[in-house]
Amino acid sequence: MLRSLKRTAGGASYIEAGVGEAVLLLHGSGETAQSWPTEIAGLAAGHRIIVADLAGLSPPDLPDHLRRLLDDLAIAAVSVVARGEGAVAAIAFTLAHPIRVRRLALLAPPPESLAVPDLEGLRCP
(Lines give C-alpha, C1' and ligand atoms only; values in the text may rest on other atoms or scores of the structure.)
Protein backbone atom coordinates (compact mmCIF):
# COMPACT_ATOMS: atom_id res chain seq x y z
CA MET A 1 0.00 0.00 0.00
CA LEU A 2 1.47 3.34 -1.05
CA ARG A 3 1.21 5.96 1.63
CA SER A 4 0.92 9.63 0.82
CA LEU A 5 3.60 12.13 1.72
CA LYS A 6 3.12 14.34 4.74
CA ARG A 7 4.87 17.66 5.25
CA THR A 8 6.21 19.11 8.50
CA ALA A 9 5.73 22.74 9.45
CA GLY A 10 9.37 23.21 8.38
CA GLY A 11 8.58 21.90 4.90
CA ALA A 12 10.19 18.43 5.07
CA SER A 13 8.31 15.72 3.17
CA TYR A 14 8.06 12.26 4.71
CA ILE A 15 5.97 9.12 5.11
CA GLU A 16 5.15 7.83 8.59
CA ALA A 17 3.78 4.46 9.68
CA GLY A 18 3.66 2.29 12.79
CA VAL A 19 4.51 2.85 16.44
CA GLY A 20 7.52 1.98 18.56
CA GLU A 21 11.22 2.75 18.30
CA ALA A 22 11.85 5.14 15.40
CA VAL A 23 13.52 3.91 12.22
CA LEU A 24 14.50 6.41 9.52
CA LEU A 25 14.61 5.07 5.94
CA LEU A 26 16.63 6.98 3.33
CA HIS A 27 16.24 6.25 -0.38
CA GLY A 28 18.85 6.38 -3.13
CA SER A 29 18.96 8.50 -6.27
CA GLY A 30 16.18 7.91 -8.76
CA GLU A 31 13.89 6.89 -5.90
CA THR A 32 11.43 8.68 -3.66
CA ALA A 33 10.11 8.11 -0.16
CA GLN A 34 7.48 5.86 -1.73
CA SER A 35 10.18 3.43 -2.91
CA TRP A 36 10.03 1.43 0.36
CA PRO A 37 6.50 -0.15 0.40
CA THR A 38 7.60 -3.68 1.35
CA GLU A 39 9.98 -2.47 4.03
CA ILE A 40 7.41 -0.06 5.49
CA ALA A 41 4.81 -2.83 5.68
CA GLY A 42 7.21 -5.24 7.36
CA LEU A 43 8.82 -2.85 9.82
CA ALA A 44 5.74 -0.83 10.82
CA ALA A 45 4.38 -3.77 12.80
CA GLY A 46 6.85 -3.02 15.62
CA HIS A 47 8.50 0.31 14.82
CA ARG A 48 7.69 3.91 14.05
CA ILE A 49 8.84 4.23 10.45
CA ILE A 50 9.84 7.62 9.06
CA VAL A 51 10.75 7.72 5.38
CA ALA A 52 12.37 11.03 4.46
CA ASP A 53 11.88 12.29 0.92
CA LEU A 54 15.32 13.49 -0.16
CA ALA A 55 14.43 14.35 -3.76
CA GLY A 56 15.91 17.67 -4.86
CA LEU A 57 18.10 18.19 -1.79
CA SER A 58 21.81 18.84 -2.16
CA PRO A 59 24.28 16.80 -0.07
CA PRO A 60 25.48 19.74 2.09
CA ASP A 61 21.87 20.37 3.20
CA LEU A 62 21.03 16.78 4.15
CA PRO A 63 22.29 16.56 7.77
CA ASP A 64 20.40 19.69 8.84
CA HIS A 65 17.34 18.71 6.81
CA LEU A 66 17.15 15.35 8.58
CA ARG A 67 17.79 16.93 11.99
CA ARG A 68 14.93 19.39 11.42
CA LEU A 69 12.65 16.55 10.31
CA LEU A 70 13.35 14.61 13.51
CA ASP A 71 12.97 17.77 15.59
CA ASP A 72 9.61 18.56 13.95
CA LEU A 73 8.44 15.01 14.70
CA ALA A 74 9.77 15.15 18.30
CA ILE A 75 12.11 12.18 17.73
CA ALA A 76 15.27 12.25 19.84
CA ALA A 77 17.11 9.34 18.21
CA VAL A 78 16.58 6.85 15.38
CA SER A 79 17.97 3.77 13.77
CA VAL A 80 18.92 4.76 10.21
CA VAL A 81 18.61 2.45 7.21
CA ALA A 82 19.84 3.80 3.88
CA ARG A 83 20.25 2.28 0.45
CA GLY A 84 22.28 3.36 -2.55
CA GLU A 85 23.13 7.05 -2.52
CA GLY A 86 20.97 7.47 0.58
CA ALA A 87 24.07 6.18 2.38
CA VAL A 88 25.75 9.52 1.72
CA ALA A 89 22.96 11.30 3.61
CA ALA A 90 23.01 8.67 6.37
CA ILE A 91 26.75 8.96 6.91
CA ALA A 92 26.69 12.77 6.82
CA PHE A 93 23.80 12.85 9.31
CA THR A 94 25.50 10.34 11.61
CA LEU A 95 28.77 12.28 11.61
CA ALA A 96 27.02 15.62 12.18
CA HIS A 97 24.59 14.36 14.84
CA PRO A 98 25.93 11.08 16.32
CA ILE A 99 23.82 11.34 19.47
CA ARG A 100 20.69 11.13 17.28
CA VAL A 101 21.65 7.77 15.70
CA ARG A 102 21.11 4.49 17.58
CA ARG A 103 22.11 2.19 14.72
CA LEU A 104 23.27 2.69 11.14
CA ALA A 105 22.62 0.18 8.34
CA LEU A 106 23.87 0.87 4.81
CA LEU A 107 22.41 -1.23 1.99
CA ALA A 108 24.47 -1.27 -1.22
CA PRO A 109 26.21 2.04 -0.54
CA PRO A 110 28.32 3.53 -3.33
CA PRO A 111 31.98 2.66 -2.57
CA GLU A 112 33.03 6.31 -2.47
CA SER A 113 30.53 6.99 0.34
CA LEU A 114 32.54 4.71 2.64
CA ALA A 115 35.81 6.59 2.12
CA VAL A 116 35.15 8.90 5.06
CA PRO A 117 38.04 9.22 7.54
CA ASP A 118 35.76 9.95 10.51
CA LEU A 119 33.60 6.89 9.87
CA GLU A 120 36.19 4.41 11.12
CA GLY A 121 36.08 5.51 14.75
CA LEU A 122 32.39 6.35 14.94
CA ARG A 123 30.35 4.49 17.52
CA CYS A 124 26.65 5.16 17.82
CA PRO A 125 25.39 5.38 21.42
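Strand β1 (residues 6-7) and strand β2 pair in the antiparallel sense over two bridges, where two strands count as paired if DSSP finds at least two bridges between them, and where strands (E, at least two residues) and helices (H or I, at least four) are DSSP runs numbered from the N terminus. Within this pairing, Lys-6 has Tyr-14 in β2 as its bridge partner. The two strands form a hairpin with five residues between them, and Gly-11 in the turn has a positive phi of about 95°.

Before I go on, please keep in mind that this is a predicted model, in which local features need pLDDT of at least 70 and side-chain atom pairs count only at pLDDT 80 or more, whereas totals for chains, interfaces and linings use all residues. Residues are numbered from 1 along each chain as its sequence is written, and side-chain values use heavy atoms, with hydrogens and water left out.

Let me stay with β2, residues 13-17, which is mostly covered, since four of its five residues are buried; buried here means under 20% relative accessible area, exposed over 50%, and partly exposed in between, with a 1.4 Å probe and protein chains only. β2 also pairs with strand β4 (residues 47-52), again in the antiparallel sense, over four bridges, and in that pairing Tyr-14 stands opposite Ala-52. Tyr-14 is thus the partner of Lys-6 as well as of Ala-52 in β4.

Stepping back to the whole chain, its secondary structure comes to three helices and six strands, and from the N terminus on the elements run β-β-β-α-β-α-β-α-β. Of the 125 residues, 42% count as buried. If we take contacts, meaning heavy atoms within 4.5 Å, and keep those with a separation of 6 or more, residues 24 or more positions apart account for 67% of them.

Now to the later part of the chain, where strand β5 (residues 78-83) and strand β6 (residues 101-107) run parallel and are joined by six bridges, with Ala-82 having Leu-106 in β6 as its bridge partner. Together with helix α3 (residues 86-96), these two strands make a right-handed β-α-β unit, right-handed in the sense that, with the strands pointing away from the viewer, the path from the first strand over the helix to the second runs clockwise. Several residues of α3 are buried, including Ala-87, Ala-90, Ile-91 and Phe-93, and what covers the buried residues of this helix includes β3 (21-26), α2 (62-72), β5 and β6.

Two histidines deserve a separate word. His-97 is found in the loop between α3 and β6, and this residue is buried because its relative accessible area is 16%. Leaving aside residues up to four places away in sequence, His-97 touches Pro-63, Asp-64 and Arg-67. His-65, for its part, is found in helix α2 and counts as buried because its relative accessibility is 10%. With that same exclusion of residues up to four places away, His-65 touches Ala-12, Asp-53, Leu-54 and Leu-57. The C-alpha atoms of His-65 and Leu-54, eleven residues apart along the chain, are separated by 8.9 Å.

One last side-chain detail concerns Arg-83, which lies over the face of Trp-36, at 3.9 Å from the ring centre; a charge sits over a ring if NZ of Lys or CZ of Arg is within 6 Å of the ring centre and within 35 degrees of the ring normal.
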